[in-house]
Amino acid sequence: MNLPNDPAILLSYVNTKLRDDFPCLDELCNSLCVSKEQIESRLSSIGYVYDPEKNCFR
């Protein structure tokens, strides 16, 4: 799956998928066949980190 290139759009996409379809980031990454580190790195570039308790990037 090709993820959105724009970090802000990626943030929206990932948080929506986490809210609606996946109980954790690991399951989302497994489903999309992408590394957790790749998503975390791209979103940290705009100041967001994953909060496992809230299951979203904040």
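1. Helices H1 and H3 are oblique to each other. Their axes cross at roughly 125°. That angle counts as oblique because it is neither over 145 degrees, the cut-off for roughly antiparallel, nor within the 65 to 115 range for roughly perpendicular. H1 covers residues 7-20 and H3 covers residues 36-44. The two axes come within 9 Å. The model is predicted, and this note should be read with that in mind.

2. The crossing of H1 and H3 is left-handed. On the H1 side, the contact is made by Pro7, Leu10, Leu11 and Val14. On the H3 side, Ile39, Arg42 and Leu43 take part. By class, six of the contact residues are nonpolar and one is charged. No polar residue appears in this contact. Arg counts as charged, so the charged residue here is Arg42.

3. Now the chain as a whole. The secondary structure comes to three helices and two strands. From the N terminus on, the order is α-α-α-β-β. The helices therefore precede the strands in the chain. The radius of gyration is 10 Å, close to the 10 Å that the globule rule gives for 58 residues, so the chain is as compact as a globular protein of that length.

4. The overall dimensions can be put another way. Taken along the principal axes, the C-alpha atoms fill a box of roughly 25 × 25 × 20 Å. Of the 58 residues, 31% count as buried. Contacts across the sequence deserve a look too. Among those between residues at least 6 apart in sequence, 50% join residues at least 24 apart.

5. Asn15 is a residue to check in helix H1. Its relative accessibility is 19%. Buried means under 20%, so Asn15 counts as buried. What does Asn15 contact, leaving aside its neighbours within four places in sequence? The partners are Cys56 and Phe57.

6. Ser12 also lies in helix H1. Is Ser12 buried, exposed or partly exposed? Its relative accessible area is 45%, so Ser12 is partly exposed. The limits are 20% for buried and 50% for exposed, and the value falls in between. Ser12 and Tyr50 are 38 residues apart in sequence. In space, C-alpha to C-alpha, Ser12 and Tyr50 are 13 Å apart.

7. To recap helix H1: Asn15 in this helix is buried, whereas Ser12 is partly exposed. Pro7, Leu10, Leu11 and Val14 of H1 make the contact with H3.

Conventions: Residues numbered from 1 in each chain as written. Predicted model: local features only at pLDDT ≥ 70, side-chain atom pairs only at ≥ 80, totals over all residues. Heavy atoms only, no water. Axes fitted to C-alpha atoms, helices over the stretch in contact; angles between N-to-C directions. Helix = DSSP H or I, 4+ residues; strand = E, 2+ residues; numbered from the N terminus. Parallel < 35°, antiparallel > 145°, perpendicular 65-115°, else oblique. Left-handed = near helix turned anticlockwise from the far one by under 90°. Contact = heavy atoms within 4.5 Å. Buried < 20%, exposed > 50% of the residue type's maximum accessible area, 1.4 Å probe, protein only. Rg over C-alpha atoms; globule rule 2.2 N^0.38 Å.
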